[in-house]
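Biologist: Could you take me through one part of this model in close detail, beginning with a single side chain and its surroundings and working outwards from there? Please give your cut-offs as you go, since I would like to reproduce the analysis.

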Amino acid sequence: MQPQVTPAVGGGAAPGRPARPSADLARHELRAARVLPLLCAAALATLMCAVPAVFSLGLDLAAGSVLLQLAAVLTALAVAFALDDPAAATTTACPSPWWLRRSVRLAVVLPALAAFWLLDVLLVRQAVTAELRPAFPTADLSVEALALTLVAVALGLAGLRFTVGQGGGLVAAGLLVIVVALTFLPQEAAFFATPDDGAQWDGAAARWRATAAVALIAAALLLPRPPGRRR
Amino acid sequence: MNPETTTEAAPVPSAAAGEAMVQVTGLTVRYRRTVALDGVTLSLGTGVTGLLGPNGAGKTTLLRALATVLVPSDGSLSVFGRDPLEPRSRQEIRRRLGYLPQAPGFHRHFTAFEFVDYVAILKEHTDRAARHEEVRRVLDAVGLSEVRGKKLKALSGGMRQRVALASALIGDPELLILDEPTVGLDPEQRLRFRELVAELGEGRTVLLSTHQTEDVSALCHRVVVLAAGRVRYDGSARGLGELADGRVWFSPEREPRAVAGWRTGTGLFRNIGAPPPGAQTADATLEDGYLLLNSAAESGMWPEPEAGTRPEGGTR
Amino acid sequence: MSTIQQPERARTAPPAPPGTGAGVRALALTEGRRLLRHPAFLGSLLLCVALWVYESVVAGSSGFPVLHDEDRLVQSQLLLIAAGTFLAVHLAAIRPARDGTEGWFLSLVLLPWQRAAALLLAVLPAALLTAVLAGARIGWLAAQPGAAGSPSPAELAAGPAAVLVAGTLAVLLGLITRSVAAGPIALACLAIVTVVGALFPFESWRWWGLIAVEDELHAALPSGLLHRPAGQHLLYLLLLALACATAALLRAGLKAASVRVLLAVSLAGVAVAGVLNARPAPDSLAAARQRALDAPSEGQTCVKEGELTYCAFPEFLDRHKEWARVSEGILRWVPGDARDPRYTVRQHITPVSESSLGQTTAPIDAWAEDDRKAGTSGAVAVGTAWGDGSDLGRDATGGFATAFAARVVTGEPARSGPQDALLCGGRSVLTLWLAGQAAPGTAEALRSRIDRSFGGLIGFGTVTTVETEQSDIDLAFRLLNLPAADVGAKAKAHWAELTAKDTSSAEAARLLGLDVPEQPDGYGKDSMCSPR
């Protein structure tokens with residue numbers, strides 16, 4: 001029995017019609033994304049935030065904000081891996097636009113991250129002593145977490161361009177180094193400050209907002225680019 | 001249909017004079033519920049032996065068992081007279097062995113020289129100067145001396161394959177096991193490869209697994225055909241080709257009676273099987289003999305042995 | 001194509017005879033070289049060195065280092081190199097799994113455990129390099145002017161030991177899981193452990209981490225009063241590295257009973273060393289600290305220069321030259337008959353406070369008693385910090401200058417209690433001017449303190465406090481703009497008036513040559529200085 005090379009009936013989308021996001025695409029992109037590092041990191045971060053709440057340690061504002069900053073760094077690290085696409089070389093010739101595939105991935109990954117973040121915030125707020133709770137800078141810390149995540153996404157997209165789909169791990173390491181470098185910055189340019197120190201905290205929060213904006217723009221610019229340079 | 005198998009008296013260099021390099025007896029390998037090798041028995045001496053078979057026949061499994069990477073479930077194996085199941089003998093075997101696996105991985109950031117040097121260290125060549133000399137020698141042998149300093153990720157697939165081949169040649173091994181070594185090579189490179197292997201075959205045992213029947217017919221005196229984990233044929237290459245003598249013909253239309261047939265680029269169909277009288281016959285190649293053998297085995301019609309000749313291997 | 005000549009066996013040198021470990025050593029050399037060239041390692045190295053260069057050259061904060069504190073500050077910076085080593089070694093450990101060469105390499109002579117052993121050995125050059133860097137940094141600091149104390153070798157060795165732990169842990173991790181993500185995540189977890197340890201600088205459980213961070217805002221203590229079980233911690237780290245290494249070898253397939261025994265022993269050793277390490281400070285140390293705080297004269301040596309005696313803890317004795325510069329800069333404008341026959345400067349430590357907001361007051365009465373017993377009544381207190389590179393150093397310098405000037409001007413040593421620490425009127429202006437012009441850098445030290453303070457009253461000093469009003473400070477700084485010789489001559493001439501209690505700031509300023517408009521009694525309604 002000879003195999004049928006040409007299809008009996010024309011199947012699939014008619015050529016020329018742009019793809020629309022569908023549940024099928026979302027399912028496949030989710031399957032393709034490396035979510036295990038992300039889940040591990042988010043779980044570890046939540047565990048870390050749960051420890052003071054479970055042991056009723058009664059943290060002050062500084063300790064609580066440091067805890068949430070650490071959780072943010074940990075989860076941002078793992079976001080870089082979710083954009084990894086080892087099959088990029090094979091699928092590069094498909095007409096479906098890259099921004100669509102990546103947006104679908106991010107649209108699934110980011111809300112999950114947000115849910116974990118919410119849980120972390122609740123846990124840490126619970127652990128902070130009751131009289132300090134109203135002063136807890138949740139909004140500023142959330143902006144910081146968002147900025148770190150956006151930086152991870154932007155770096156991941158940039159890494160994909162250079163490594164044709166496999167760049168996540170190296171980018172994560174790079175992010176780690178950047179964060180470490182940020183902790184060593186002198187007082188005037190510090191990114192990590194304590195909320196007790198009002199002026200410094202506001203300065204740092206402003207810097208995080210600026211970083212988030214820059215990272216958002218960079219990510220938006222890099223989103224449609226195909227992995228690997230076109231020669 | 002009675003395809004014949006002949007074991008010629010003419011030189012089939014197997015098991016010469018009791019000094020078999022490799023002796024396999026009743027080798028069985030099981031992966032959970034799949035039987036990859038089922039009672040394979042053969043022996044190899046010096047010279048180049050080709051290993052043919054469809055995908056999933058167990059070629060790679062056999063080669064891995066011979067390369068001491070795989071532990072068989074049953075049966076016995078003897079390489080250079082030693083048993084690879086015993087750790088010290090295994091190390092001794094590995095020193096005299098060169099193995100090129102199917103689709104070898106590469107450390108992409110290493111240069112060609114660095115990678116082959118790395119493999120040489122893993123083969124315990126510890127004297128730096130001598131080792132570098134050896135690396136240069138093998139890279140020269142495969143024709144890659146100019147690109148020694150280039151990173152592997154910058155080399156083409158064929159060049160990377162040659163780097164892998166060079167790594168297998170480190171230390172001048174007495175037994176070379178090559179699993180699909182010509183994948184990714186263009187015809188000119190394949191030509192050089194054949195010359196290389198032919199020279200290596202003098203005085204060494206080379207076992208070459210490939211899909212390219214032209215390589216087998218050009219290089220190998222002896223062919224072993226595996227199918228479904230069993231040896232279907234073990235004899236001379238010429239004998240395999242002669243199985244299809246007079247059984248290949250052209251026809252204008254697809255022949256349902258043919259054992260195997262395909263449409264050629266000219267529009268005619270080339271068929272193997274029992275030709276109808278008056279058909280336009282063609283010269284049989286080794287590939288035809290192989291296809292005939294395989295399809296006959298698949299269709300359950302094991303070739304009836306003529307008196308005095310027996311197919312080696314397999315138990316029916 | 002060049003045909004291969006049939007190589008004679010002799011031409012290709014045979015591989016090394018089995019069992020000698022030469023193969024492992026050769027592989028370790030190659031892997032070590034690759035590790036030292038790896039971008040992650042080199043990047044972290046550069047970052048660490050850049051940090052030091054920035055601190056020393058740009059921020060200029062390495063003047064007057066206290067070496068038994070610097071040797072542990074070096075540890076946290078060397079952790080950067082440990083992180084780079086971790087990432088580089090992890091990538092090397094998962095290289096066969098990631099690139100798909102594992103199946104191939106199984107057919108080669110070196111066994112998987114030997115390859116793991118080579119990778120473990122390859123971490124040693126990185127640790128050695130870290131040790132060299134640590135030595136260079138401490139050596140450079142020791143060569144700085146005013147370096148006090150001596151570094152502890154065990155503390156210095158903790159940095160390279162951390163690199164060893166990081167490397168061996170990375171090999172173990174690479175053998176457990178082949179995921180690339182595991183490396184950065186594990187590193188982040190280690191970083192979290194370190195940061196959490198740093199948040200609680202007084203808990204003894206922080207010694208279970210790689211480094212134990214101290215409260216760095218506190219001024220240095222003499223090395224005898226520190227509780228830093230550095231030797232035990234080094235042992236802990238080395239045993240941890242050994243445990244990781246043996247676990248990695250076992251995981252890679254080495255089936256030797258001796259290695260299993262070694263793993264068990266090292267794990268037990270880690271537990272024991274960790275527990276020993278994490279013991280709280282012994283009571284004798286607390287008692288010694290209390291004694292050093294209340295009655296430091298027992299542990300101090302004194303040196304006499306001219307009419308000044310300087311008493312300090314032996315490690316800090318060389319600092320007296322700095323103190324002398326300030327004291328003499330103040331004394332040159334004091335007329336002979338107003339001087340005491342002897343002035344003493346005595347070093348004091350500040351009490352260690354475990355709460356971040358607590359301010360404990362210095363036991364001035366106990367100090368006075370101790371001075372009396374030692375025959376150095378009226379000593380001016382100076383702390384263990386000094387310098388112009390950090391806020392603490394500047395506060396210490398400015399504080400001593402102010403304290404000495406206050407001693408000279410008021411004729412009394414510092415007293416405890418807020419009212420007694422307050423200087424008012426002409427005395428305050430004179431004190432501040434004397435302090436500001438005493439030595440190059442004191443004026444900036446004062447200015448730096450003023451910039452960081454709020455409110456109408458500003459206090460100077462880290463050990464004892466002298467408080468002055470903002471208005472007096474303004475006057476003093478205006479005086480500092482005038483040539484010091486002129487003002488000094490006027491100060492000498494009008495010394496008695498200037499140091500009288502009822503002289504107002506405006507009068508004093510006019511006496512010293514400043515044009516101050518006539519004001520109805522320069523005290524504002526919120527002034528603490530009520531007219532006496």
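Modeller: I would begin with C:Arg95, which, leaving aside residues up to four places away in sequence, touches B:His107, B:Phe110, B:Tyr118, C:Glu31, C:Arg34 and C:Thr101, where contact means heavy atoms within 4.5 Å. This is a predicted model, in which local features need pLDDT of at least 70 and side-chain atom pairs count only at pLDDT 80 or more, while totals for chains, interfaces and linings use all residues. Residues are numbered from 1 along each chain as its sequence is written, chains are lettered from A and ligands numbered from 1 in the order in which they are written, and side-chain values use heavy atoms, with hydrogens and water left out.

C:Arg95 is found in helix H4 of chain C; helices (H or I, at least four residues) and strands (E, at least two) are DSSP runs, numbered from the N terminus. With a relative accessible area of 8%, C:Arg95 is buried, a class that means under 20% relative accessible area, with exposed over 50% and partly exposed in between (1.4 Å probe, protein chains only).

One of the residues that C:Arg95 touches, B:Tyr118, is also among the buried residues of H3(B), which include B:Phe113, B:Phe115, B:Val116 and B:Ile121. Because 10 of the 11 residues of H3(B) are buried, this helix is largely enclosed by the rest of the structure. Its cover draws on two chains, and includes helix H4 (128–141) and helix H5 (157–168) of chain B as well as H1, helix H4 (95–99), helix H5 (102–105) and helix H6 (112–142) of chain C. Just after H3(B), B:Glu124 takes a positive phi of about 65°; for comparison, most residues other than glycine have a negative phi.

Another residue touched by C:Arg95 is C:Arg34, whose side chain meets that of B:Glu114 in a salt bridge (3.1 Å, N to O), the term standing for a side-chain nitrogen of Lys or Arg within 4 Å of a carboxyl oxygen of Asp or Glu. B:Glu114 lies in helix H3 (residues 112–122) of chain B and C:Arg34 in helix H1 (residues 22–37) of chain C, so this pair joins two chains. The partners fall into separate classes, as B:Glu114 is partly exposed with a relative accessible area of 25%, whereas C:Arg34 is buried at 17%.

Over all chains, a search of the whole structure finds 23 salt bridges, and a further two within chain C can be set beside this one. C:Arg346 forms a salt bridge with C:Asp371, with the closest N and O atoms 2.8 Å apart. C:Arg346 lies in strand S3 (residues 343–347) and C:Asp371 in helix H13 (residues 364–374) of chain C, so the pair ties together parts that are 25 residues apart in sequence. Here both partners are buried, C:Arg346 at 2% relative accessibility and C:Asp371 with a relative accessible area of 5%. The second pair is C:Asp395 with C:Arg449, whose closest N and O atoms are 3.7 Å apart. This pair links distant parts of the chain, 54 residues apart, with C:Asp395 in helix H14 (residues 391–410) and C:Arg449 in helix H17 (residues 442–451) of chain C. C:Asp395 is buried, its relative accessible area being 13%, but C:Arg449, at 25% relative accessibility, counts as partly exposed. To return to the starting point, salt bridges that share partners join B:Glu114, C:Arg34 and C:Arg37 into one network.

The contact of chain C with chain A offers a contrast to that charged network. Between chain A and chain C about 1,600 Å² is buried, 91% of it on carbon and sulfur atoms, buried area being the accessible area (1.4 Å probe) that two parts lose on being put together, summed over both. A:Leu70, A:Leu176 and A:Phe184 supply 27% of the area that chain A buries against chain C, more than any other three residues. Across this interface the rule for salt bridges finds 0.
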